[in-house]
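Me: I would like to learn how to read aromatic rings and a nonpolar core in a model like this one. Could you take me through them one feature at a time?

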Amino acid sequence: MGAARLRRGARVGAMLAALLVAGAAGAGERVPESEIERIFSGMTLDGTYANGSFFSETYNSDGTIRYHDPDGADSGEWSVKDGRFCTFYENAEGACFAVERDGANCFTFYAPSGTSSDAPLNPDWTSRGWDTTLPPTCPKAPEVQL
């Protein structure tokens, strides 16, 4: 095996290990507010909405977003507020979501049913995504790519 391939394999393994160790929340557990910014800052997340449509979103460390889906692209800002992951866009509405971990590299986003940080979650998820640098552990991998 070549040196470059070994380095790439080691890098992917280290990143996966970091995700496993960094995420105190286990599968099906809400990601605590204290971890949300650290997890998503600098990440590009590929994902699907509950209706099956695909999206890709980059959460830059300066709090800006770059969003893409089959219909186009948008920019905006992301933040963490009251235990929720918030995304707001220039040309579309945004919202704040509770985040659950679904395996080592899958994040499921739920719209809370109220405004308080401990409001119960709506029973149906709105979107699900994974860090593009690692193999996804979500129940359904993307069928469409940009």
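Reply: Let us begin with a single ring in this predicted model: Phe 85 has a relative accessible area of 1%, so Phe 85 is buried. Phe 109 has a relative accessible area of 4% and is likewise buried.

Me: How are the rings of Phe 85 and Phe 109 placed with respect to one another?

Reply: A pair of aromatic rings is described by the distance of the centres and the angle of the planes. For Phe 85 and Phe 109 the centres are 5.8 Å apart and the planes stand at 40°, so the pair is tilted. The pair also links distant parts of the chain, since Phe 85 belongs to strand β6 (residues 84–89) and Phe 109 to strand β8, 24 residues apart.

Me: How many aromatic pairs does a search of the whole structure find?

Reply: The search finds 11 aromatic pairs. One of them joins Phe 40 and Phe 107 in an edge-to-face arrangement, with 5.0 Å from centre to centre and 65° between the planes. Because Phe 40 lies in helix α2 (residues 33–40) and Phe 107 in strand β8 (residues 107–110), this pair ties together parts that are 67 residues apart in sequence. Both Phe 40 and Phe 107 are buried.

Me: Which residues do ring pairs link into a cluster?

Reply: The cluster consists of Phe 40, Tyr 59, Trp 78, Phe 85, Phe 107 and Phe 109, linked through ring pairs.

Me: What should I look for when I turn to the nonpolar core?

Reply: In soluble globular proteins, nonpolar side chains tend to be buried together. Here the largest nonpolar core has 17 residues, and those with the most contacts inside it include Phe 40, Leu 45, Tyr 59 and Val 99. The elements that give two or more residues to this core are α2, β3 (54–59), β4 (64–69), β6, β7 (95–101) and β8, and the largest share, 3 residues, comes from α2.

Me: With which residues is Leu 45 in contact, leaving aside its neighbours within four places in sequence?

Reply: Among them are the aromatic residues Phe 40, Phe 55, Tyr 59, Phe 107, Phe 109 and Trp 130, while Ser 56, Glu 57 and Asp 131 are also in contact with Leu 45.

Me: Where do arginines enter this picture?

Reply: Arg 128 lies over the face of Trp 125, at 4.1 Å from the ring centre. Arg 84, found in strand β6, has a relative accessible area of 10% and is therefore buried. Although Arg 84 and Glu 33 are 51 residues apart in sequence, their C-alpha atoms are 6.7 Å apart in space.

Note on methods. Residues are numbered from 1 along each chain as its sequence is written. This is a predicted model: local features need pLDDT of at least 70, side-chain atom pairs count only at pLDDT 80 or more; totals for chains, interfaces and linings use all residues. Side-chain values use heavy atoms; hydrogens and water are left out. Rings of Phe, Tyr and Trp (its six-membered ring) pair if their centres lie within 6.5 Å; planes under 30 degrees apart count as stacked, over 60 as edge-to-face and the rest as tilted. Helices (H or I, at least four residues) and strands (E, at least two) are DSSP runs, numbered from the N terminus. Buried means under 20% relative accessible area, exposed over 50%, partly exposed in between (1.4 Å probe, protein chains only). A charge sits over a ring if NZ of Lys or CZ of Arg is within 6 Å of the ring centre and within 35 degrees of the ring normal. A nonpolar core is a set of buried Ala, Val, Leu, Ile, Met, Phe, Trp, Tyr and Cys residues joined through side-chain atoms within 4.5 Å. Contact means heavy atoms within 4.5 Å.
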